[in-house]
Amino acid sequence: MHAAAGRRRTRRNGYVLGAVAAAALLASTGYDAGSDGRAKDRGPSAGPSPAGAPSPTDAPSASAAPSPPGKPGAPSPTGATSSARPTGSAPAQPGGTGGGAVDACAESDLSFSVTNEDAAGEPVRHLLLTVTNRSGRTCTVHRYPSVLVGANAQGPVPVIKDSDPKALASLAPGKQAHAALLVKGGRMDEYAAHELVVRLQGPRAGGPPGKAVTVALPRGVDKVWGDDGGRVTYWTTASGYALDFIMSL
């Protein structure tokens with residue numbers, strides 16, 4: 001009788017151990033044992049994360065993400081700059097370039113010459129005064145030349161105000177400026193002249209003129225007749241523009 005009871009305990013222990021082992025096996029494969037002893041699918045169990053992959057708690061938050069680098073050379077909104085246009089430049093003249101903040105030409109910077117604009121055989125009344133920049137720097141001739149028709153003239157020839165090109169004549173090395181000169185306007189007090197006396201004006205309007213420069217008359221012309229009807233134009237880099245103001249006079 002004791003032997004039979006021992007065998008029943010042994011079998012019962014074996015059943016318990018077997019059930020425990022089976023439950024452990026089902027748990028490892030993703031199954032649960034229901035109350036009826038049948039296996040129920042729990043779905044695949046989450047396997048171990050691949051080596052080196054961060055867990056959800058290790059992933060960086062959006063606020064910690066680094067900002068994208070800016071483009072090389074792109075200015076920040078507060079540090080942006082713009083190219084400012086240069087100030088102080090004068091508008092372009094007809095046939096020339098605008099004058100800017102350039103030093104005034106000195107008499108020694110220029111060569112002076114005069115050409116006759118009248119046809120051969122006609123009285124010499126229309127002249128073109130030309131200055132050429134022979135220096136190695138850019139310089140400016142201001143307003144209009146102060147011109148005496150002959151050393152004994154009573155005063156400088158008046159300017160034709162409408163000839164103002166509204167721009168300074170700035171001359172790079174080798175470039176020229178022109179002023180047209182009417183020596184005789186059919187008025188009174190006629191007199192003979194054998195040369196022209198020219199002075200430059202400085203940057204300040206009304207300031208004293210520069211040194212006197214004696215300019216020879218055009219080749220083949222030994223004298224001209226002047227009177228109080230003479231006129232001169234402003235400096236310009238376009239000779240035709242200057243001559244337009246005197247050729248009809």
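The following exchange examines how features of this predicted model are classified.

Me: What secondary structure does the protein chain have, and in which pattern along the sequence?
Reply: The protein chain has two helices and twelve strands. Their pattern along the sequence is α-β-β-β-β-β-β-β-β-β-β-β-β-α.

Me: How much confidence does the predictor place in the protein chain?
Reply: The average pLDDT is 74, and 59% of the residues score at least 70. Over residues 1-100 the pLDDT is below 50, and this stretch has 60 contacts in the model beyond near neighbours in sequence.

Me: Why is Val157 called buried?
Reply: The relative accessible area of Val157 is 10%. Buried means under 20%, so Val157 is classed as buried.

Me: Where does Val157 lie, and what is it in contact with?
Reply: Val157 belongs to the loop between strand 5 and strand 6. Neighbours within four places in sequence aside, Val157 is in contact with Val147, Val149, Leu181, Gly230, Arg231 and Val232. Gly226 lies 69 residues from Val157 in sequence, with 9.9 Å between their C-alpha atoms.

Me: What makes the pair of Tyr144 and Tyr234 edge-to-face?
Reply: The ring centres of Tyr144 and Tyr234 are 5.2 Å apart, and the angle between the planes is 75°. Rings pair if their centres lie within 6.5 Å, and planes over 60 degrees apart count as edge-to-face. Both conditions are met, so Tyr144 and Tyr234 form an edge-to-face pair. The pair links distant parts of the chain: Tyr144 is in strand 5, whereas Tyr234 is in the loop between strand 12 (231-232) and helix 2 (239-243), 90 residues apart.

Me: Why is Tyr234 called buried, and why is Tyr144 called partly exposed?
Reply: Tyr234 has a relative accessible area of 14%, and Tyr144 has 23%. Buried means under 20%, exposed means over 50%, and partly exposed covers what is in between. Tyr234 therefore counts as buried, and Tyr144 therefore counts as partly exposed.

Me: How do you know that Tyr241 and Phe245 form an edge-to-face pair?
Reply: Their ring centres are 5.4 Å apart and their planes are at 75°. The limits are centres within 6.5 Å and planes over 60 degrees apart, so the pair of Tyr241 and Phe245 is edge-to-face. Tyr241 is partly exposed at 23% relative accessibility, and Phe245 is partly exposed with a relative accessible area of 23%. The count of aromatic pairs comes to two.

Me: How do you know that strand 5 and strand 6 pair?
Reply: Strand 5 (residues 139-149) and strand 6 are joined by three bridges in the antiparallel sense. Pairing requires at least two bridges, so strand 5 and strand 6 count as a pair. Thr140 has Ser170 in strand 6 as its bridge partner.

Me: What makes strand 6 and strand 10 edge strands?
Reply: The open sheet of four strands has the order 6-5-9-10, with antiparallel pairing. Strand 6 (169-171) and strand 10 (213-216) each pair on one side only. Neighbouring strands of this sheet are turned by 50° against each other on average, direction ignored.

Me: Which side chains of strand 10 are buried, and how is strand 10 joined to strand 9?
Reply: Val213 and Val215 point to one face and are buried, whereas Thr214 and Ala216 point to the other and are not. Four bridges join strand 10 to strand 9 (residues 195-201) in an antiparallel arrangement. Val197 stands opposite Thr214.

Me: Why is strand 7 described as largely enclosed by the rest of the structure?
Reply: Six of the seven residues of strand 7 are buried, so the strand is largely enclosed. Strand 7 (residues 176-182) belongs to a four-strand open sheet, which has the order 3-4-7-12 and antiparallel pairing.

Me: How do you know that strand 7 pairs with both strand 4 and strand 12?
Reply: Seven antiparallel bridges link strand 7 to strand 4 (residues 126-133), and two antiparallel bridges link strand 7 to strand 12. At least two bridges are needed, so strand 7 pairs with strand 4 and with strand 12. Leu181 is the bridge partner of Leu127, and Val232 in strand 12 is the bridge partner of Leu181. Leu182 has Arg231 in strand 12 as its bridge partner.

Terms used: Residues are numbered from 1 along each chain as its sequence is written. This is a predicted model: local features need pLDDT of at least 70, side-chain atom pairs count only at pLDDT 80 or more; totals for chains, interfaces and linings use all residues. Side-chain values use heavy atoms; hydrogens and water are left out. pLDDT is the predictor's confidence in each residue, from 0 to 100. Contact means heavy atoms within 4.5 Å. Axes are lines fitted to C-alpha atoms, for helices over the stretch in contact, and angles run from 0 to 180 degrees between N-to-C directions. Buried means under 20% relative accessible area, exposed over 50%, partly exposed in between (1.4 Å probe, protein chains only). Rings of Phe, Tyr and Trp (its six-membered ring) pair if their centres lie within 6.5 Å; planes under 30 degrees apart count as stacked, over 60 as edge-to-face and the rest as tilted.
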